[in-house]
Amino acid sequence: MTALIERLAPTEGSHSTAWGALSCFRADSPSVPICTLYEPGLGVMLKGAKQILLGPEAFLYEPGSYLLTSVDVPVSAQVLRASRAEPCLCLTYRFDLQRIHELLPDALPPPAAASASVRGIAMSPLEGDLLDPLLRLVRLLDAPRDLAVLGPLIERELIYRLLTGEQGARLAQIATSSSQSHQIARAVEWLRRHYNEPLRIEELAGRVNMGPSSLHHHFRAITAMSPLQYQKQLRLQEARRLLLGGECDVATAAHRVGYESPSQFSREYSRQFGAPPLRDVSRLRLAGDAVA
């Protein structure tokens, strides 16, 4: 698997593959913490290591375990171990929750407390019955004709292994429309689409058929932050992307992501990323030039 991923990711950064749900990542040196959004999916670290922070919780992401993300979560991710000779390599499979829902009647996930809301990120030991379908799917990337026919079958097996494994209940909750985790996933989806609009908790709670206090409690249980903090993370990450791409100046970026006050935006940006907007973007560009 490692040799295959090294070939699929010959340079640093994220790389798409012939199977849309699969992507791979490579880093040739340790990094500073980067704020990013992890989407629902499965991650397998093959070489190196990362540290992932979700709110106050830290996860050491390294070979021998898999990372399961069941809902979109803003995290801080840092490559800890990587070099040109021994790069940090990981494979990511993005979930289609509708396919997971369709397989639920056959998979019989491990039972979980119906009222429990669980963190949106978890780690478990990587077992052979999960690694095997992943390896077969990666091998098929060089055979487009076989991939088109066998890919969906292997993908179904992979989802089945996840649902019947240690994190099955966590994944099933998100795909079950009657669960509180699924309601929070809907709230997260709305926030991602409307992050630049004013947030009214009562209205958001009504959209997902929850009371305001229940929404706040379960949202924090899953994402390790309140809905307002989550929205702020989305706004600041999008503003950083706009500035890094040179699409606009600081005041315009602040306005586009929903801030009325540029000074408030700059204060919150500095707290989030450790430097004011222009200095932070310059630092990121210099780091990118050094890597190149």
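Here are two short exercises on this predicted model, each with a worked solution.

Ground rules: residues count from 1 along each chain as its sequence is written, and side-chain values use heavy atoms, with hydrogens and water left out. Local features need pLDDT of at least 70 and side-chain atom pairs 80 or more, while totals for chains, interfaces and linings use all residues.

**Exercise 1.** Work out which strands sit at the edges of the six-stranded open sheet.

*Solution.*
- Step 1: write down the order, β1-β2-β9-β4-β7-β10, with antiparallel pairing. Strands are DSSP runs of E, at least two residues, numbered from the N terminus; two of them pair if DSSP finds at least two bridges between them.
- Step 2: look for strands that pair on one side only, and you get β1 (13-16) and β10 (121-125).
- Step 3: check the β10 end. Its partner is β7 (residues 65-69), joined over five antiparallel bridges, with threonine 69 opposite isoleucine 121.

**Exercise 2.** Take the salt bridge between aspartate 72 and arginine 192, and find where each residue lies and how buried or exposed each is.

*Solution.*
- Step 1: apply the cut-off, a Lys or Arg side-chain nitrogen within 4 Å of an Asp or Glu carboxyl oxygen. This pair passes at 3.2 Å, N to O.
- Step 2: place the residues. Aspartate 72 is in the loop between β7 and β8 (73-81), and arginine 192 is in helix α6 (residues 180-193), 120 residues apart. Helices are DSSP runs of H or I, at least four residues.
- Step 3: classify them. Buried means under 20% relative accessible area, exposed over 50%, partly exposed in between (1.4 Å probe, protein chains only). Aspartate 72 has 12%, so buried; arginine 192 has 33%, so partly exposed.
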